[in-house]
Amino acid sequence: RVRMRAQLGLGDEFAWLAAGRLMWKKDYPTMLRAMARQRAGVLFIAGSGPLEPELRALARELGSNTFFLGSRDDIPELMNACDGLLLSSVVEGLPMALLEAASCGLPCVAADAGGVREAVANESTGYLVPPESPDALAAAMSKLTELSADARRQMSHAARELALTRFDLTVVTTQWEHLYLEY
């Protein structure tokens, strides 16, 4: 954690991570607008895609404290170095980024689209907000950043427990076996 934070140039500030393809369904403009409303903190976006040039331009225009990291193969290390994960998608299945974040004990603030609700227990492992709402996303981000260290640790622990009890490969395999045996 310490090494990666140093590589990212981080001190004590709250660090957000977003990981995914830079495309329309991830709705990064909403995320960037929410980030621009934050009084402090930094956002790292890991990923590449067709919207990267316009997202970089929007981040500059908004003056948000955002850094684009490009495609990375060290997402778990980034997750462990950051304090919260952001997901602003308007279309999702069951997002792997949320499952990976939960397994790292990383609280999430996410738009409630598709299967997001399966991976984030609102107010327990993170916060769910309506899609396409920079105001709601910004408010939830502020709520997470303002939690006490103990409350954030509890949320982190709850996220990890959710990942282990619902999405561990052994658990999922057992569920599939039971389904097959029922029919």
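In the predicted model, residues 24 or more positions apart account for 63% of the contacts with a separation of 6 or more. The protein contains 9 helices and 6 strands. Its radius of gyration is 16 Å, close to the 16 Å that the globule rule gives for 183 residues, so the protein is as compact as a globular protein of that length. The C-alpha trace spans about 55 × 35 × 30 Å along the principal axes.

Of the 183 residues, 47% are buried. The accessible surface amounts to about 9400 Å², and carbon and sulfur atoms contribute 52% of that area. The protein carries 18 positive and 23 negative charges, and the mean positions of the two sets lie 5 Å apart.

The largest nonpolar core comprises 27 residues. Within this core, Leu 17, Phe 44, Leu 78, Met 79, Leu 85, Leu 98 and Val 116 touch the most other members. At least two core residues come from each of the strands β1 (15-19), β2 (42-46), β4 (84-87) and β5 (108-111), and likewise from each of the helices α4 (75-81), α5 (96-103) and α6 (116-119). A second core, separate from this one, has 26 residues, including Ala 59, Leu 137, Ala 138 and Met 141.

Helix α5 was examined further, with Leu 98 as the point of reference. When neighbours within four places in sequence are left aside, Leu 98 contacts Leu 85, Leu 87, Cys 108, Ala 110, Val 116, Ala 119 and Val 120. Two of these partners, Leu 85 and Val 116, are also listed with Leu 98 among the core residues that touch the most other members. The buried residues of α5 are Ala 97, Leu 98, Leu 99, Ala 101 and Ala 102. In an α-helix there are 3.6 residues a turn, so residues three or four places apart point the same way. The cover over the buried residues of α5 includes the strands β1, β4 and β5, together with the helices α4, α6 and α8 (149-166). After α5 comes Gly 105, which has a positive phi near 75°.

Positive phi values also occur at residues other than glycine. Asp 27, in the loop between β1 and α2 (28-36), has a phi of about 50°. The relative accessibility of Asp 27 is 12%, and this residue therefore counts as buried, the cut-off being under 20%. Glu 123 has a positive phi of about 70° and is located in the loop between α6 and β6 (126-129). With a relative accessibility of 52%, Glu 123 counts as exposed, because the cut-off for that class is over 50%.

Thr 145 belongs to helix α7, which covers residues 134-145. The relative accessible area of Thr 145 is 27%, so this residue is partly exposed. Not counting residues up to four places away in sequence, Thr 145 touches Phe 14, Trp 16 and Arg 152. Trp 16 falls within β1 (15-19), and Arg 152 within α8 (149-166). Thr 145 and Leu 98 are 47 residues apart along the chain, and their C-alpha atoms are separated by 18 Å.

Definitions and conventions:
Residues numbered from 1 in each chain as written. Predicted model: local features only at pLDDT ≥ 70, side-chain atom pairs only at ≥ 80, totals over all residues. Heavy atoms only, no water. Helix = DSSP H or I, 4+ residues; strand = E, 2+ residues; numbered from the N terminus. Rg over C-alpha atoms; globule rule 2.2 N^0.38 Å. Buried < 20%, exposed > 50% of the residue type's maximum accessible area, 1.4 Å probe, protein only. Contact = heavy atoms within 4.5 Å. Areas by Shrake-Rupley, 256 points an atom, 1.4 Å probe, with all protein chains shown as cover. Lys, Arg positive; Asp, Glu negative; His and termini not counted. Charge placed at Lys NZ, Arg CZ, Asp CG, Glu CD. Core = buried A, V, L, I, M, F, W, Y, C linked by side-chain atoms within 4.5 Å.
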